[in-house]
Amino acid sequence: MKHTFKMLAMLALSFSTSVFAQETPKEEDFYKINKVRIPEGPILEVGGLITLPNGDLGISTRRGEVYVVENPTSNRPYFRKFATGLHEILGIAYKDGAIYVAQRGELTKLIDKNMDGKADVYETIYAWPLSGHYHEYSFGPKIAPDGTFFVSANVAFGDEEWWRAESRVPMRGWIMNITEDGKMTPWAPGVRSPAGINVIDGQLFYTENQGDWVGSGGIWKVNKGSFMGHPASLKWTSRSDSPTKLSSDFFYSQIDERRIKNDKGRYIKPENRVNEEFKTLFEMKKVFPELRLPAVWLPYGILGISTSEPVKIPEGTFGPFEGQLLVGDQGMSIISRVFMEKVNGEEQGAAFLFRTGFRSGVLRLAWGTDGSLFVGETNRGWGSAGDANEGLERLVYNNSKTPFEMKAVRAMPDGFEIEFTQPVDQKSAEDLASYNVESFIYKYHPVYGSPPVNKETLKVKGVKVSADGLRARIIVDNLRQYYIHTITVDGVREKNNFYSLIHPVAYYTLNNIPSGDKLSMTEVSTKNSANAATAKVTPAAQKGQVTKAKTDAAIKSAVNKEKAASTAKTTAAAPTYNQVKGLLTSYTCLACHNPTKKQIGPAFQDVAKRKYSNEKIVQLIHNPKPENWPGYATEMPPMPQVTKADGLKIAAWINSLNK
């Protein structure tokens, strides 16, 4: 009897869903990842990519080599070694017949004088200091509109805590501008790990990775003299050529009075603590006018953990998204998409997940002459979600199909306007239950990273759908300037096939709320099927529903008893994955750990095999011991923001995996 009832229920559900919707297409139906054939020998830990004027592909590697790839979009590309013997090349550019690369400590010009296909002149354009710390990577060059070069320089890490940034020598933590004849001008301090710089529409942008003083990754616009937010490099602003005079002394006096200098003139580290009286970036901008806010935040653990290069989608390429940005992520092996607009003269906009599933960490992007996107990948020493240590892949758009996506999200005086790539089903789009909006922000503090804070669910009061079905404007209560607004549109369906959106979530950074006309409540739909489902039934309907209600209650009771009997033992022992998934997500544990397989960090199953007590796991969350996990190049940062109660729940679930 029980099995017959279950079968009938499943058949009924199957019938109802097949009538109203077909299976939603996936990312790979529109954007296919093709592996580029690489000859035996080279290990392409890609540090830089550039498409040359003749369509060849220039590649620089972390192993200090430069390759030129002929016919890169063909089935049999030809790899020619152009230069070798350089040091950790993390960027490449082309100008006037020469190739330029950023090594650890210099900008180098490579020239093929005798035209034999190999560089025979290695010319130092400009060299900058090194302390010898492993984290002093250098990124670039990117060519400015006037033909000069931009290069960005990583900070070193502290002696006692690997993740606490230090600028031990000049220009570490700075973006530099360098001329062809070797003149260096300091451009902007305050970067931490600026792996992705690029000049887009004549303007310099850069991406940053989460760390101390950096709550999450994002993309920033960089002007000369801007302070990008990390204080380590402020020690060099006393230079006569510094474009900003904000000093370390003034910074720390305003933001953390307990941080003082030791007898060697270095600032003593602040306690690694969670400060619930925290500051935010936008609050500190009132104190430091030079401080730049991100144009668009890329929420940590959702749209990346090690944000890399941004590129603009060329005209006529990648379907409906031309003119928008694609941003790689090395840690999560993904590419995100960013729609940007100007409001009150300032950049802001929405970020969306775009493509997952790359074989290694996505570090560099370059457009091929056929409109495909080359993706340069690396893993060694940094860790990534991909299984391979290196790679070169090509992302190809299927021109015969248009994905059903949010094409753009724009800020409105009273909410947001969502533009779709295809017309929507009117009924689903006019239902307020199809939309959900939340807002949150990150802390600005010396602890590594930040959990989302000041979270709030915002009420969606009305929606107006355009006549062509391509736009839905929603009225949202309590918009918060400078906050990230998570806009979930999982109830809206495509008009013809009733598809769901491939990526139903947008993360909009609301630096400014625009002025202008607001919608009247008389011109919007306020229908909400969620409310209708819970409304009281009429007396006439109640009589006919009594028998059904009793039957449903009996069935539900029997099912609940059966579930309770089968799970009582497990529930008593430890919480289930579903019970801790929210914690693992909010604390970004899932960005680095997977329940069953090695990712950036060990699988939770492997942690369970250590048979630590729950209390010990909480201690290691707050103060990790990297030496316990040899072979994992990316060390876990301390996570003091995880409360003890939440930590114990997570630990109990982890330990249940070993039973």
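**Reading strands, burial and salt bridges**

Reader: Let's start with a ladder. Do strand 29 (residues 436-441) and strand 30 run parallel or antiparallel where they pair, and over how many bridges?

Author: The general idea: strands of a sheet pair through backbone hydrogen bonds, either parallel or antiparallel. Here strand 29 and strand 30 pair in the antiparallel sense, over 4 bridges. Two strands count as paired if DSSP finds at least two bridges between them. The strands themselves are DSSP runs of E, at least two residues long, while helices are runs of H or I of at least four residues; both are numbered from the N terminus.

Reader: Which residue in strand 30 is the bridge partner of serine 439?

Author: Glutamate 456 is the one to look for. Before we go on, bear in mind that this is a predicted model, so local features need pLDDT of at least 70 and side-chain atom pairs count only at pLDDT 80 or more, whereas totals for chains, interfaces and linings use all residues. Residues are numbered from 1 along each chain as its sequence is written, and side-chain values use heavy atoms, with hydrogens and water left out.

Reader: What is the strand order of the open sheet of 8 strands?

Author: Read across, the order is 20-21-22-23-34-33-29-30, with antiparallel pairing. Strand 20 and strand 30 (453-458) form the edges; each has a single partner strand, so one side of each lacks a neighbour in the sheet. On average, neighbouring strands in this sheet are turned by 25° against each other, direction ignored. Such angles run from 0 to 180 degrees between N-to-C directions, using axes fitted to C-alpha atoms (for helices, over the stretch in contact).

Reader: Now burial. How much of the protein chain do buried residues make up?

Author: Buried means under 20% relative accessible area, exposed means over 50%, and partly exposed is in between (1.4 Å probe, protein chains only). By that yardstick, 55% of the 659 residues in the protein chain are buried.

Reader: Which residues are buried in helix 2?

Author: Ser248, Phe251, Tyr252 and Ile255 are. Seen down the axis of helix 2, these buried residues fall within an arc of 90°, so they line one face of the helix. The arc is taken from the directions that lead from the helix axis to the C-beta atoms. What do the buried residues of helix 2 pack against? Helix 3 (281-285).

Reader: And a buried residue in a loop? What does valine 222 touch?

Author: Valine 222 lies in the loop between strand 18 (217-221) and helix 2 (248-255), and it is buried at a relative accessible area of 2%. A contact means heavy atoms within 4.5 Å. Leaving out residues up to four places away in sequence, valine 222 touches Ile175, Trp187, Ala188, Gln203, Leu204, Phe205, Tyr206 and Met228. Take phenylalanine 205: C-alpha to C-alpha, it is 5.5 Å from valine 222, with their positions 17 residues apart in sequence.

Reader: On to charges. How many salt bridges does a search of the whole structure find?

Author: There are 27, where a salt bridge is a side-chain nitrogen of Lys or Arg within 4 Å of a carboxyl oxygen of Asp or Glu. One of them joins lysine 312 to aspartate 201 at 2.7 Å, N to O. That pair links distant parts of the chain, 111 residues apart: lysine 312 sits in strand 20 (residues 307-312), aspartate 201 in the loop between strand 16 (196-200) and strand 17 (203-208). Lysine 312 is partly exposed at 33%, while aspartate 201 is exposed at 63%.

Reader: Which residues are linked with Lys407 in a network of salt bridges?

Author: Arg410, Glu417, Glu419 and Arg471. Within this network, the side chains of glutamate 419 and lysine 407 meet at 3.8 Å, N to O. Glutamate 419 belongs to strand 28 (residues 415-420) and lysine 407 to strand 27 (residues 406-412), 12 residues apart. Glutamate 419 counts as buried at 11% relative accessibility; lysine 407, at 26%, counts as partly exposed.

Reader: Last one, backbone oddities. Where is tryptophan 213 found, and what is its phi?

Author: Tryptophan 213 is in the loop between strand 17 and strand 18, with a positive phi of about 70° although it is not a glycine. Asparagine 344, another residue other than glycine, has a positive phi near 55°. Tryptophan 213 is buried at 6%, whereas asparagine 344 is exposed at 59%. Also check the cis peptide bond between glycine 140 and proline 141, with omega about 0°; proline 141 is in strand 10 (residues 138-143).
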